[in-house]
Amino acid sequence: MEMERLNANTIRVLLGNDDLAERGITVLDLLGNHKQIETFFYSILDEVDKDHTFASEGGVTFQVMPSQSGLELLISRNQD
């Protein structure tokens with residue numbers, strides 16, 4: 001898994017197919033169970049936001065872009 005802070009409000013996470021397999025999830029799983037999807041995305045946020053400052057100031061939005069090599073995930077802070 002690779003993580004890059006794009007700016008103060010956005011984190012980009014690249015998850016390869018191996019990363020997804022380690023977590024017991026496939027791209028196709030993300031099309032199904034809403035609760036499983038939400039739990040998975042928030043677990044990724046917990047991993048990349050170790051000090052829990054990113055999400056502590058309100059809600060976040062997840063933008064998902066699947067590819068053959070895995071998944072690109074943009075996590076953005078909701079701004080008031």
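Student: Which side chains meet E72 and R12 style, N to O, in a salt bridge, and how is such a pair read?

Tutor: A salt bridge is a side-chain nitrogen of Lys or Arg within 4 Å of a carboxyl oxygen of Asp or Glu. Here the side chains of E72 and R12 form one, at 3.2 Å from N to O. E72 sits in strand 4 and R12 in strand 2 (residues 10–16), so the pair ties together parts 60 residues apart in sequence. Strands are DSSP runs of E, at least two residues; helices are runs of H or I, at least four; both are numbered from the N terminus. This is a predicted model: local features need pLDDT of at least 70, side-chain atom pairs count only at pLDDT 80 or more, and totals for chains, interfaces and linings use all residues. Residues are numbered from 1 along each chain as its sequence is written, and side-chain values use heavy atoms, with hydrogens and water left out.

Student: Which residues are linked with R12 in a network of salt bridges?

Tutor: E4, R12 and E72 are linked in that network. R12 also forms a salt bridge with E4, and the closest N and O atoms are 3.1 Å apart.

Student: Are E4, R12 and E72 buried or exposed?

Tutor: Read relative accessible area: buried is under 20%, exposed is over 50%, and partly exposed lies in between (1.4 Å probe, protein chains only). E4 is partly exposed at 38%. R12 is partly exposed at 24%. E72 is partly exposed at 25%.

Student: How many salt bridges does the structure hold?

Tutor: Three. One of them joins E47 and R23, with the closest N and O atoms 2.8 Å apart. E47 lies in helix 2 (residues 34–48) and R23 in the loop between helix 1 (17–22) and helix 2, so this pair ties together parts 24 residues apart in sequence. E47 is partly exposed, with a relative accessible area of 31%. R23 is partly exposed too, at 27%.

Student: Where is R77 found, and what lies 2.4 Å from a polar atom of its side chain?

Tutor: A polar contact is a pair of N or O atoms within 3.5 Å; within protein, one must be able to donate a hydrogen and the other to accept it, and residues adjacent in sequence count only if both atoms are side-chain atoms. R77 is in strand 4 (residues 70–77). The backbone oxygen of A8 lies 2.4 Å from a polar atom of the R77 side chain. R77 counts as buried, at 15% relative accessibility.
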